Amino acid sequence: MTCREAERLVMPYINGELTDAELAEFLKHIDTCEDCREELEIYFTVDVGIRQLDEGTGTYNIKGALETALEISRQRIHTLYLLQTARYAVNTLCFWAVLVVLILQLRIWGQLGFLGL
Ligand SMILES: [Zn+2]
């Protein structure tokens with residue numbers, strides 16, 4: 001992902017509008033690019049500040065809030081990755097299970113003489 005693309009996703013990220021694929025790419029970029037991270041911090045700070053005015057809450061650890069938000073996002077991506085891996089594993093397992101059953105069945109048929117062996 002380029003900085004240009006990442007910058008475009010800053011506001012959607014804060015608003016929670018990114019797709020999972022976008023979110024993964026965005027987090028990867030933010031972790032490695034100081035400029036875009038700063039950009040995100042600025043927008044996030046402004047966003048949190050406005051919300052504070054609306055809600056009238058007192059002092060608030062904005063930097064900590066961004067860290068928390070990023071951590072939640074990372075966990076979401078991590079969980080999705082685990083689910084995908086699990087699904088792949090189950091699919092692979094099912095494939096082999098079916099294949100083994102088929103081979104055993106063929107052997108049984110072979111032993112019974114159904115295959116003309
Ligand atoms: Zn960047």
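A donor, in what follows, is an N, O or S atom within 2.8 Å of the metal. Keep that in mind as we walk through this predicted model, starting at its zinc ion.

The zinc ion has these protein donors: Cys3 through its SG, His29 through its NE2, and Cys33 and Cys36, each through SG. They lie 2.0 to 2.3 Å from the metal. If you follow the chain, the donors come with the spacing C-x25-H-x3-C-x2-C. The angles among the four donor atoms run from 96 to 114°, and the site is tetrahedral. For comparison, the ideal angle for four tetrahedral donors is 109.5 degrees.

How exposed or buried are the cysteines further along? Cys33 has 13% relative accessibility, so it counts as buried. Cys36 counts as buried too, because its figure is 2%.

Now look at the helices. Two packed helices are described by the angle and the distance between their axes. Here, helix H1 (residues 3-14) and helix H2 (residues 20-32) have axes that come within 10 Å and cross at roughly 115°. The crossing is left-handed. On the H1 side, Cys3, Ala6, Leu9, Val10 and Tyr13 make the contact, and H2 brings Glu22, Leu23, Phe26 and His29. Sorted by class, that's seven nonpolar residues, one polar and one charged. You've met Cys3 and His29 already: both are donors of the zinc ion.

One last stop is Asp35, which sits in helix H3 (residues 34-55). Its relative accessible area is 57%, so Asp35 is exposed. Between the C-alpha atoms of Asp35 and His78 there are 24 Å, with the two residues 43 apart along the chain.

Definitions and conventions. Residues numbered from 1 in each chain as written. Predicted model: local features only at pLDDT ≥ 70, side-chain atom pairs only at ≥ 80, totals over all residues. Heavy atoms only, no water. Axes fitted to C-alpha atoms, helices over the stretch in contact; angles between N-to-C directions. Helix = DSSP H or I, 4+ residues; strand = E, 2+ residues; numbered from the N terminus. Left-handed = near helix turned anticlockwise from the far one by under 90°. Contact = heavy atoms within 4.5 Å. Nonpolar A, V, L, I, M, F, W, Y, C, P; charged D, E, K, R; others polar. Donors = N, O, S within 2.8 Å, 3.2 Å for Na, K, Ca; no water. Tetrahedral: all angles 85-135°; square planar, octahedral: opposite > 155°, others 65-115°. Buried < 20%, exposed > 50% of the residue type's maximum accessible area, 1.4 Å probe, protein only.
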